[in-house]
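Hello,

Here is the structure I promised to pass on to you. Please have it open while you read, and my notes on what turned up follow straight after it.

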Amino acid sequence: MKADKQYIINLRREFHQIPEIGFDLPKTLARVRQELDAIGLPYTEAYGKSCIVATLNEGVGGKTIALRADMDALPIQEETGLPFASQHPGKMHACGHDCHTAMLLGAARKLKEMEKDIKCCVKFVFQSAEEGPGGAKTLCDDGFMDQVDMMIGCHIYPNKPTGTVSLNKKCQSASSHGFRIYLKGKSAHVATPHAGIDAIAMAVRVYNDIQIMRAREMPPFEPVIIGIGEIHGGFANNVICDEVMLHGTIRTHRDDLDAQIYKRIEEIAHSVAKDMGGSAVVETAKYYPVLINDSNVADAILRAAESVVGSDKVCEMAPTMGAEDFAYYTQYKPSAFFALGAMPADGTSTPLHNGKMMINEDVLDIGPNVFIQFVLDNM
């Protein structure tokens, strides 16, 4: 019943060398197709953008279980020094999606070997653009979730104890709502500030008012982050700046609160700009909803994980302020997402989205084995 660990490790190292970004995944997709052909699983690319869905036992039984992996990498220069490091400068699998893709192929290969014992249909979802702008949404928009009864997914974490499986039975991770604020003033010489409208001063007020709004208008025990990660404006020290752009993100554990915060950001930007004689435009950017795990599916994952790693390595995890586009699937069918601990053997822990990020490959059969056990338990 166990997946082939070395097969998964070898595949992971192949994918690690060819990181690709967003929807532009030609080498990754080609390798996934090649492996599915070798396994003997039919697949389609009719759902989503740059996504592959393979199927085992089409039409068998009264249930369809979907298993998901994301495939895209990050625009980060790799600094690990691994012999199988990225061959694409400025790109790296720094979030473990190479592991996820290899693990799902490992599960698919084993389940295909067990085909006669599987009493339901299984869909293997190889998804693009989790890091943005959201490959999961493209699958959902194309009606993929109409075909399935439930979905599960896994994320590897180099900062969680090796071999542990954890999830939250309710709120797993936050929304991620990007926004841009464009402030327009009027240029003038710095010696005549009264002749201009200072967009930098406008941006300072907008920034401060957003933080005051967070501190004084949001419930104190509600998880909320409003971060401004970019500010661009000006070109000389003796010129009143006429245009500034602020780029930020909202993170919450409630979609309704996210909407309320975005509305207030719009109001603040327009109010400050009007007060100073300028203008503002606010645009929404990448949006992922809150990831709410279905409690019944979550319990089923925990039971499957206990069969694989033992009850001492299975636990509930606290909600995070990170975001994950698996959240889109949870809005359609009962679904849940679990974390797999993969701290390196020497105990060092480099966070995700870091050029030095490394994982303990010894755990790479655990995710597939949880997938397989879940299918057996719930088919």
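Nine nonpolar, eight polar and six charged residues make up the lining of the largest pocket. Please keep in mind that this is a predicted model. The space in that pocket comes to about 460 Å³. Of its 23 lining residues, Tyr 157, Gly 322, Ala 323, Glu 324 and His 353 lie nearest the centre. If you want to find the walls by element, look at strand 5, strand 7 (171-173) and strand 13 (279-288), each of which supplies at least two residues of the lining.

The second largest pocket has a volume of about 230 Å³. It is lined by 14 residues, and those closest to its centre are Gly 178, Glu 230, His 247, Gly 248 and Thr 249. By class, this lining has two nonpolar, eight polar and four charged residues. At least two lining residues come from each of strand 8 (176-184), strand 10 (224-233), strand 12 (243-252) and strand 13. Strand 13 is thus a good place to start on screen, with at least two residues in the lining of the largest pocket and at least two in that of the second largest.

His 353 deserves a second look. Besides lying among the residues nearest the centre of the largest pocket, His 353 has a positive phi of about 60 degrees, although it is not a glycine. You will find His 353 in the loop between strand 16 and helix 9. Is His 353 buried, exposed or partly exposed? Its relative accessible area is 42%, so His 353 counts as partly exposed, the class between 20% and 50%.

Another residue other than glycine with a positive phi is Asn 57, where the angle is near 65 degrees. Asn 57 sits in the loop between strand 2 (52-56) and strand 3 (64-70). With a relative accessible area of 12%, Asn 57 is buried, because buried means under 20%.

Next comes helix 7, residues 295-309. How far apart should the ends of helix 7 be? At 1.5 Å a residue, its 15 residues should span 21 Å, and the end C-alpha atoms are indeed 21 Å apart, so the two values agree. At the N-terminal end, Asp 294 acts as a cap, with a side-chain oxygen 3.1 Å from the backbone nitrogen of Asn 296. Just after the helix, Gly 310 takes a positive phi of about 90 degrees.

The buried residues of helix 7 are Val 297, Ala 298, Ala 300, Ile 301, Leu 302, Ala 304, Ala 305 and Val 309. Their cover includes strand 5 (150-157), strand 6 (165-167), strand 15 (314-316), strand 16 (335-341) and helix 9 (366-378).

Two more spots are worth a visit. Leu 29 lies in helix 2 (residues 26-39) and is buried, with a relative accessible area of 6%. Leaving aside residues up to four places away in sequence, Leu 29 touches Ser 50, Ile 52 and Met 71. The C-alpha atoms of Leu 29 and Phe 126 are separated by 8.7 Å, although the two residues are 97 residues apart along the chain.

The other spot is the peptide bond from Gly 132 to Pro 133, which is cis, with omega near 5 degrees. Pro 133 belongs to the loop between strand 4 (121-127) and helix 4 (135-141).

Enjoy looking around, and best wishes.

Definitions and conventions
Residues numbered from 1 in each chain as written. Predicted model: local features only at pLDDT ≥ 70, side-chain atom pairs only at ≥ 80, totals over all residues. Heavy atoms only, no water. Helix = DSSP H or I, 4+ residues; strand = E, 2+ residues; numbered from the N terminus. Expected span 1.5 Å × (residues − 1). Buried < 20%, exposed > 50% of the residue type's maximum accessible area, 1.4 Å probe, protein only. Contact = heavy atoms within 4.5 Å. Polar contact = N/O pair within 3.5 Å; in protein donor to acceptor, adjacent residues only side chain to side chain. 1 Å grid on protein atoms, 1.4 Å probe; cavity = no way out; pocket = protein on both sides within 12 Å on 5 of 7 lines; lining within 4 Å. Points joined across faces, edges and corners; volume = space filled by probe spheres on them. Nonpolar A, V, L, I, M, F, W, Y, C, P; charged D, E, K, R; others polar.
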